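Colleague: Please take a close look at one part of this model and talk me through the packing there. Spell out your cut-offs as you go, and put that part in the context of the rest of the chain.

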Amino acid sequence: MELALIIIFVLSALAYVAWPLLSKTVAAKGSGAEDELRIQRDIVFAAIKDLEMDREMGRVSEEDFEQLNAGYRQQAIDVLKKIDRAGNGMHRKRLEDELAALRTKRRKGEVIFCSACGSSVGPQDRFCSACGKKLSQPQ
Ligand SMILES: [Zn+2]
């Protein structure tokens, strides 16, 4: 009987500790993930600045500085990599959407491509907006 109570107590304690972590993970997968990473980056950068100031003021030994600085910089690199990855995912998605829209337009004959540079131009365009070449009007 007592054991059951202990198990329940431990489980609820675990749930109490784990819940914010779990919900944070879920939130990080949402659209705010990049914002959260940017905040993390700012915090790490601020910590590096503080550390450099502490060294200048002689509040931290050279040895401590090297060790802390290396740790912060590694954190900064990790966060920047994550931001990069999150950004790439978003850019790729947008690129795919644009490509899909372009393919649809081309199929409908709403868009043609510049013979000089390959940029997409509208059917009414007389000059390429990318390279300025005069376009021969189709038909
Ligand atoms: Zn062109």
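Modeller: Along the sequence, the protein chain runs α-α-α-β-β, that is, three helices and two strands. Those labels come from DSSP runs counted from the N terminus: H or I over at least four residues for a helix, E over at least two for a strand. Bear in mind that this is a predicted model, where local features need pLDDT of at least 70 and side-chain atom pairs count only at pLDDT 80 or more, while totals for chains, interfaces and linings use all residues. Numbering starts from 1 along each chain as its sequence is written.

The part I'd zoom in on is the pairing of helix α2 (residues 33-56) with helix α3 (residues 62-107). Two packed helices are described by the angle between their axes and the distance between the axes. Here the angle is about 160° and the axes are 9 Å apart; the axes are lines fitted to C-alpha atoms over the stretch in contact, with angles from 0 to 180 degrees between N-to-C directions. So α2 and α3 are roughly antiparallel, the class for angles over 145 degrees (under 35 is roughly parallel, 65 to 115 roughly perpendicular, the rest oblique). The crossing of α2 over α3 is left-handed, meaning that the near helix is turned anticlockwise from the far one by less than a right angle. Their contact takes in 15 nonpolar, four polar and six charged residues. In that tally, Ala, Val, Leu, Ile, Met, Phe, Trp, Tyr, Cys and Pro are nonpolar, Asp, Glu, Lys and Arg are charged, and the others, Gly among them, are polar.

As for the helices themselves, α2 has 24 residues and should span 34 Å, which agrees with the 35 Å between its end C-alpha atoms. The expected span is 1.5 Å times one less than the number of residues. α3, with 46 residues, reaches 66 Å from first to last C-alpha, close to the expected 68 Å. Each is followed by a glycine with positive phi: Gly58 just after α2, at about 75°, and Gly109 after α3, near 75°.

How open is α3? Two of its 46 residues are buried, so α3 lies largely in the open. Buried means 20 or more other C-beta atoms within 10 Å of a residue's own, exposed means 12 or fewer, and partly exposed is in between, with C-beta atoms placed from the backbone. Chain-wide, buried residues make up 3% of the 139.

For a residue on the α2 side, take Gln40, which sits in α2. Gln40 counts as partly exposed because 17 C-beta neighbours fall inside 10 Å. Its C-alpha is 7.1 Å from that of Val79, although the two are 39 residues apart in sequence.

Past the end of α3, Val111 lies in the loop leading to β1 (112-113). Leaving out residues up to four places away in sequence, Val111 touches Leu102, Lys105, Arg106, Ser120 and Gly122, where a contact means C-beta atoms, placed from the backbone, within 7 Å. Val111 is partly exposed, with 17 C-beta neighbours inside 10 Å. For the chain as a whole, residues 24 or more positions apart account for 34% of the contacts with a separation of 6 or more.

Conventions. Contact = placed C-beta atoms within 7 Å.
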